[in-house]
Amino acid sequence: MTEPTGTVPAASASSLPGRVAIVTGASSGIGQATAHALAQAAARVVVADVNADGGEGTAQAIRDAGGDAVFIPCDVADAAQVEGLVTQTVNRYGGLDILVNNAGISGGAGLLHDLDVDTWDRVIGVNLRGPFLCAKYALPHLMERRGVIVNVASTYGLIGAPLAPAYCASKGGVVTLTRQLAVDYGPHGVRVNAVCPGYVDTDMGGGRARLGPDAQAAANARREAAAARQPIGRQAHVDEIARVIAFLASDASSFMTGSIVTVDGGCTTTFNHG
Ligand SMILES: NC(=O)c1ccc[n+]([C@@H]2O[C@H](COP(=O)([O-])OP(=O)(O)OC[C@H]3O[C@@H](n4cnc5c(N)ncnc54)[C@H](O)[C@@H]3O)[C@@H](O)[C@H]2O)c1
C-alpha cells in the first residue's frame, strides 16, 4: 500500500463542495489516493471495497483529516451488493454525484490457451462486470444530479500487452464501455471518462506482498526496469493518477466526456525498445 504524499493538492480546495462520491477499491493504491483527493476537494466519500480493514482505514484517515467519509463493504462483481452500496449511499447522503470505478485485479498471467476459465471469469467479473454493475445502479441517481463517472482502465486496455489476455480484454472493455456510456448519457447530463494509467507503484492485488523477500525484490526490479524504458523513466506515484481522476470528477473538465486519458509517463506514445 502506498500512502498519498499530500505534498501536491489533488484539486483546488473545495472544487467538489458537498459532492457525494463512491470510490470502489479505495482500501489501497490508486483508489485510496483518489478517496483522499476527492475528500481534500470537499467531497463526501463512500469508500467501497472487499477489504474491510483497509476500507475502514481509508475512511478513518479522511475523517481524521477533517473530511467526511464512510466505508461500505462491497464486492463490485455482486449485483445485490452493488445495488445495496448505491442505496445506502443515497439514503445516507441524499444523492450521488460521482462514481469512480477503480476496483480491479490482475490475474491469469500467461498464454491464453493455458488460462483456466475460472480465472478469466474472475478477472472479467471484477474489472468489467464491476463497472457495469456500479454504473447500472448509479446512473439513475447520477442523471438526477448531472453527475460523472470516472473509470480506471489501463494502458493494457489500449495495447496488446504480453501474457495478460484476461486483464487486457477486461480493460479494453472498460475503454469501450466508457465511450458508449458517454454517447447514451451525455444527453442526460452525465459525463463519462476513463483514465489509463501506465506502471503505478502499488502492490496491485497484494501480489508482491505475498512473495518471499527475494521474489519480491525480483518483481520490483522487473517492474522498475519496464518503467525505466518509458519516456518519463519511472513508475507513477498513486497521487499522480488520483489528481487526474479528481480533475475528471470536477467541473474543471466540464466539456470532457468519452475521453480516454492516458496517464502513463508516455509509455503508449512510443515503441518500447527494451
Ligand atoms: N498499479 C498499476 O500499475 C495499474 C496500472 C493500470 C491500471 N491499474 C488499475 O488501477 C486500479 C487500482 O489498482 P491498484 O494498482 O491501486 O491496486 P490495489 O490492489 O492497490 O487496489 C485495488 C483495490 O480493489 C479492491 N478490490 C479487488 N477486488 C474487488 C472487488 N471484487 N470488489 C471491490 N473491491 C475490490 C482491492 O481490495 C484493492 O483495495 C485497478 O483497476 C487496476 O487495474 C493499475
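This is a short walk through a predicted model, from one helix to the ligand shell and then to two single residues.

Start with helix 3, residues 79–93. Its length can be checked. At 1.5 Å a residue, its 15 residues should span 21 Å, and the end C-alpha atoms are indeed 21 Å apart. Expected and modelled spans therefore agree.

Now look at which way its side chains face. Val 82, Leu 85, Val 86 and Thr 89 are buried. These four cover an arc of only 90° around the axis, so they sit on the same side of helix 3. The spacing fits a general rule. An α-helix has 3.6 residues a turn, so residues three or four places apart point the same way. The other side of helix 3 carries exposed residues: Ala 80, Thr 87, Asn 91 and Arg 92.

What do the buried residues of helix 3 pack against? Their partners are three strands and a helix: strand 1 (20–24), strand 2 (44–49), strand 3 (68–73) and helix 4 (117–145). Just after helix 3 comes Gly 94, with a positive phi of about 85°.

Next, the ligand. There are 29 residues around the ligand. Those that come nearest are Gly 25, Gly 29, Ala 103, Gly 104 and Thr 202. Helix 1 (residues 29–40) gives the largest share of the shell, three residues. By character, the shell divides into 13 nonpolar, 13 polar and three charged residues.

Move on to Tyr 199. This residue lies in the loop between strand 6 (191–197) and helix 6. Is Tyr 199 buried or exposed? The threshold for buried is 20 or more other C-beta atoms within 10 Å. Tyr 199 has 20 such neighbours, so it counts as buried. Leaving aside neighbours within four places in sequence, its contacts are Arg 223, Ala 226, Ala 227, Gln 235 and Ala 236. Val 238 is 39 residues from Tyr 199 along the chain, yet their C-alpha atoms are separated by 10.0 Å.

Finish in helix 6 itself, residues 213–228, where Ala 218 lies. Ala 218 has 13 other C-beta atoms within 10 Å. A residue is exposed at 12 or fewer and buried at 20 or more, with partly exposed in between. Ala 218 is therefore partly exposed. From Ala 218, look across to Arg 234. The two are 16 residues apart in sequence, and their C-alpha atoms lie 16 Å apart in space.

Conventions:
Residues are numbered from 1 along each chain as its sequence is written. This is a predicted model: local features need pLDDT of at least 70, side-chain atom pairs count only at pLDDT 80 or more; totals for chains, interfaces and linings use all residues. Helices (H or I, at least four residues) and strands (E, at least two) are DSSP runs, numbered from the N terminus. The expected span of a helix is 1.5 Å times one less than its number of residues. The arc is that of the directions from the helix axis to the C-beta atoms. Two residues are in contact if their C-beta atoms, placed from the backbone, lie within 7 Å. A residue is near a molecule or strand if its C-beta atom, placed from the backbone, lies within 6 Å of it. Ala, Val, Leu, Ile, Met, Phe, Trp, Tyr, Cys and Pro count as nonpolar, Asp, Glu, Lys and Arg as charged, and the others, Gly among them, as polar.
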